[in-house]
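Open the model in your viewer and keep the selection box at hand. The stops below go from one pair of helices outward.

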Amino acid sequence: MGTAKVSDSSSGDQIARNHNESDVILNVYDLTPYNNYTYWFGLGIYHSGIEVHGKEYGFGAHDFPISGVFEVEPRSCPGFIYRCSFSLGRINMPSSEFRTFIEDVASEYHGDTYHLISKNCNHFTDDMAHRLTGKSIPGWVNRMARLGSLCSCLLPESLQVTTVKELPEYHDIEDGTESASTSTPRVAPEIDDTDQEKHLLSSKDGGSEIAFIREAQASCKMP
């Protein structure tokens, strides 16, 4: 009887570990069809997202000092063409704990801080990869940004915007947390244009929905 209890306990611990563990996957997308030619030379203009616990997380632009981190179904980010995926390792972190983690990260990645050269979607995924696995994303994914201003010159005009006049509207989702969806935006007051070029994710096919992550609110401590 005692042996059976030990076995049951061991089995239960294994199930819990399996439930908490998740692969960390980098999903890479083409921003332009020219990537089909430049990819073989280690160049190209790419978007990337980090897949954890069955959801993919990326970073996009808007003109407001709130989270620009969004959630989509893996390998289906609207407006881009999926190219390939890379396994970056595994983590042992319950999905609820990861949710807290991604909300904390979202507070560091506001939509109005997005910049094609210095703080783009690939900088975000590289940061996430380091925090979760200690690894970097492949160098070619963000090589064009490192080459500087050449990156923005090659971007298709449809992917270059300076301002976004819509504010993500937050709503409840299935797990009880809050997110913001671009499918139900509301018009925001006019704001001044910025001199930073920004990249706005757009749903061209009307399929997958982009939900912005609500960032963790800083707690107020009594002195």
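Start by selecting F98, F101, I102 and V105 in helix 3, together with F124, M128, R131 and L132 in helix 4; these two groups meet each other. Bear in mind throughout that this is a predicted model.

**The helix pair**

Show helix 3 (95-106) and helix 4 (121-133) as ribbons. Their axes come within 12 Å and cross at roughly 135°. An angle over 145 degrees would count as roughly antiparallel and one of 65 to 115 as roughly perpendicular; helix 3 and helix 4 are therefore oblique to each other. The crossing of helix 3 past helix 4 is right-handed.

Now put a distance between the end C-alpha atoms of helix 3: they are 16 Å apart, which agrees with the 16 Å that its 12 residues should span at 1.5 Å a residue.

Which residues of helix 3 are buried? Select F98, R99, F101, I102, E103, V105 and A106. The list includes R99 and E103 as well as F98 and I102. An α-helix has 3.6 residues a turn, so residues three or four places apart point the same way.

**I102**

Select I102, in helix 3. With a relative accessible area of 0%, I102 is buried, because the cut-off for buried is under 20%. Leaving out residues up to four places away in sequence, I102 touches Y57, V69, F124, M128 and I213. Then add A216: I102 and A216 are 114 residues apart in sequence, yet 8.6 Å apart in space from C-alpha to C-alpha.

**F124**

Move across to F124, in helix 4. What is in contact with F124, apart from neighbours within four places in sequence? Select Y57, G58, F59, V69, I102, V105 and Y109. Y57 and V69 are also touched by I102.

**The cores**

Widen the view to the largest nonpolar core, which has 31 residues. F98, I102, F124, M128 and L132 have the most contacts inside this core. Colour the elements that give two or more residues to the core: strand 1 (21-30), strand 2 (46-52), strand 3 (55-59), strand 5 (81-92), helix 3 and helix 4. Apart from this core lies another, of 10 residues; select Y29, L31, F80 and I210, which are among them.

**Two loops**

Go next to the loop between strand 2 and strand 3, where H53 is placed. H53 is not a glycine, but has a positive phi of about 50°. Is H53 buried, partly exposed or exposed? H53 counts as partly exposed, at 24% relative accessibility.

The loop between strand 4 (69-72) and strand 5 holds R75. R75 also has a positive phi, of about 60°, although it is not a glycine. At 40% relative accessibility, R75 counts as partly exposed.

**The whole chain**

Finally, clear the selection and show the full protein chain. How many helices and strands are there? The chain has six helices and eight strands. From the N terminus on, the elements run α-β-α-β-β-β-β-α-α-α-α-β-β-β. Of the 223 residues, 42% count as buried. Among contacts with a separation of 6 or more, 72% are between residues 24 or more positions apart.

How values were computed. Residues are numbered from 1 along each chain as its sequence is written. This is a predicted model: local features need pLDDT of at least 70, side-chain atom pairs count only at pLDDT 80 or more; totals for chains, interfaces and linings use all residues. Side-chain values use heavy atoms; hydrogens and water are left out. A nonpolar core is a set of buried Ala, Val, Leu, Ile, Met, Phe, Trp, Tyr and Cys residues joined through side-chain atoms within 4.5 Å. Buried means under 20% relative accessible area, exposed over 50%, partly exposed in between (1.4 Å probe, protein chains only). Helices (H or I, at least four residues) and strands (E, at least two) are DSSP runs, numbered from the N terminus. Contact means heavy atoms within 4.5 Å. The expected span of a helix is 1.5 Å times one less than its number of residues. Axes are lines fitted to C-alpha atoms, for helices over the stretch in contact, and angles run from 0 to 180 degrees between N-to-C directions. Angles under 35 degrees count as roughly parallel, over 145 as roughly antiparallel, 65 to 115 as roughly perpendicular and the rest as oblique. A crossing is left-handed if the near helix is turned anticlockwise from the far one by less than a right angle, and right-handed if clockwise.
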